Amino acid sequence: MAQLDMTGTRRPPFGLLAVWGASRLVLLLFVFKVWVFPGPDVTTDVSVIYQGWYGILRTGTYPLDDVTWQYPPAAALAILSPALLPFLEYASAFFVLAFLADLTVLGLLLYTGGRPGRSRRGAWVWVVGLPLLGPTVYARYDVMVTAVAVAALLAGSRRPAVMGALTAFAALLKVWPALLLLGARGRTAWLWAAATAAGLSLVLAVSMPGAFAFLTFQRDRGTEVESLGALVFHVARHFGWDGQVLLNYGSVEFLGDHVDVVSDAALVLSGVAFAWLLLWRVRARRFAPHTLADAAFTAVLMFTATSRVISPQYMVWLVGLAAVCLCFRAGRMLWPAVLVLMASFVTVLEFPIWFAHVVMSDWLGITLLFVRNGLLVLAALVAALELWRSTVPHPRRAAVPGQAARTRESLNS
C-alpha cells in the first residue's frame, strides 16, 4: 500500500522498486546462465526453437512445415523482435526485450495505482508473482503479450477504442487476450477490436503465406502432462495403463488408449465455462470500474484450468491479470489472486525443478500437479462466485398474499 508523507504527498515506492530490481537481476542471471537454475534448461526454446523460426520468418513465410508453430500471425512480430537489437545475439536480445516488457507492465501498474480509488497492491502482485515462476518468464514471449493485455485492460472504459485495438493486437499475438472483451460495455471496444483484427490479419496474410496454418496444428494437440486431465493418466500409470509420454506437437503429452476421450472432456469443460460466461454476461447489471478486469481474470482462469495444455508460461497471463484486478481498491479478486500466486510457486517446482518427476508420474510429480491444478480450479471457482455476486442482482422474493397487511396489523397492535 502506498504511504503519504507529512505534506500529504504520495511517497515513491522505493521498497517495491528495490524488490523488483533485485528479483529481476536474479532472473537475468539465470537466463544468461551466470547462475544455473535447477531442472531442464528453459532457455532452449529461445536459442533453438524461436531462433529457428526467426530464420524462416525472415525469408517472408511462416513455418508451414513445423507443427510446433501454433501461434496466431502476429506472433511473428514477437519472434522477429530481437532484430531491434542487432548488436546482441538472438537469445540475449530476446531476454532483454522480455525484461523491458516486464518493466513496462510495472510502469503501467504504478501509474494506475497512484490514481484516486486505485492501489499499488497490483504492482506488488506483479513484482512478487513473476519471479515465483523462475527464469521461464524471460524465456517465452508470453510476458510481451501480457504487457499488451495489461495496457488494454487499464485503458478500459475510459478509452474503449484504445482497449479494443490493443486487445485485437494482443489476441493476434496469442489468442487468449480476446477474453478481455467479455466485460466491455458498449460497441466501441468491440468495433475497434474487430476492425484492428481484420486489418492486421489481412496485412499479415498478404505479406507472408501461411498466416493461419496454426489453426490446424493447434487442433491436433492432445493432453499435455501438466494439464488437469493429465492427472487421470498419471494415476492410471500406477494401475497398469501402458500409454506413453512423448514430445508431441511442441509439448510433452500423453499418447495411448483413451487420451482422446480425456482431451474431448477438456474441450467440453471449456465449453461449459464459456456457456457460464455467456450467462453471466446476459445476467450482469452492476458494472463498476473494476468489473472489466475481474471478468477478464475470471474468464482466463476458467479457460486455463480446463485447457488440454497448461504450460508454465500460462501463469504469466494470470499474474498480470490478477495485478490489474488488485489495482482497484474496490476489486473483488483478492483471494483468487492469492491462489494464483500460490499456484505460481508450485508451478516452478513442477517445472522446471522437478519436471522429471512429473514425466515419470511418481508420487512427487502427481502431488505437485494435484496441488497446482487444484489451486487453479479453486481460484477459478472463487473468482466466478465473486464476479457473479458483485454484478448480478439478487432476485426479489415475491410477496405472499396478505403478508403486507398482516405485517401492518402486527406493527399497529
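## Arg159 and the basis of the model

Arg159 sits in the loop that runs between helix 6 and helix 7 (160-173); helices (H or I, at least four residues) are DSSP runs, numbered from the N terminus. The model is predicted, so local features need pLDDT of at least 70 and side-chain atom pairs count only at pLDDT 80 or more, while totals for chains, interfaces and linings use all residues. Residues are numbered from 1 along each chain as its sequence is written, and side-chain values use heavy atoms, with hydrogens and water left out.

With a relative accessible area of 47%, Arg159 is partly exposed. Burial classes are set as follows: buried is under 20% relative accessible area, exposed is over 50%, and partly exposed is in between (1.4 Å probe, protein chains only). Between the C-alpha atoms of Arg159 and Pro73 the separation is 26 Å, and the two residues are 86 residues apart along the chain.

## Asp102 and helix 1

Six salt bridges are found in a search of the whole structure. The term stands for a side-chain nitrogen of Lys or Arg within 4 Å of a carboxyl oxygen of Asp or Glu. One of the six joins Asp102 to Arg24, with 2.6 Å between the closest N and O atoms. Asp102 belongs to helix 4 (residues 90-113) and Arg24 to helix 1 (residues 14-31), so this pair ties together parts that are 78 residues apart in sequence. Both Asp102 and Arg24 are buried, and the relative accessible area of Asp102 is 0%.

Beyond its neighbours within four places in sequence, Asp102 is in contact (heavy atoms within 4.5 Å) with Trp20, Arg24, Trp126, Leu130, Tyr138 and Val143. Helix 1 also holds Ser23, which is buried at a relative accessible area of 13%. With neighbours within four places in sequence again left aside, Ser23 is in contact with Val127 and Pro131. The C-alpha atoms of Ser23 and Pro86 are separated by 27 Å, and these residues lie 63 residues apart along the chain.

## Asp45 with Arg140

A salt bridge also forms between the side chains of Asp45 and Arg140, at 3.4 Å from N to O. This pair links distant parts of the chain, 95 residues apart: Asp45 is in helix 2 (residues 44-57), and Arg140 is in the loop between helix 5 (121-129) and helix 6 (142-155). The two partners fall into separate burial classes: Asp45 is partly exposed at 22% relative accessibility, whereas Arg140 is buried with a relative accessible area of 6%.

## Glu350 with Arg372

Glu350 and Arg372 form a salt bridge in which the closest N and O atoms are 3.2 Å apart. Here too the pair links distant parts of the chain, with Glu350 in helix 14 (residues 334-353) and Arg372 in helix 16 (residues 363-391), 22 residues apart. Glu350 is buried at 0% relative accessibility, and Arg372 is buried at 0%.

## A negative surface patch

Asp242, Asp257, Asp260 and Asp264 form a negative surface patch. Residues in a patch have over 30% relative accessible area and no salt bridge, and like charges are joined within 9 Å. Accessible areas come from the Shrake-Rupley method with a 1.4 Å probe, and for residues only the protein chains shown count as cover. Asp and Glu count as negative, and the place of the charge is taken as CG of Asp.

One member of the patch, Asp264, lies in helix 11 (residues 259-283). Asp264 is partly exposed, at 45% relative accessibility.

Notes: Helix = DSSP H or I, 4+ residues; strand = E, 2+ residues; numbered from the N terminus. Patch = residues over 30% accessible without salt bridge, like charges linked within 9 Å, V, L, I, M, F, W, Y side chains within 5 Å.
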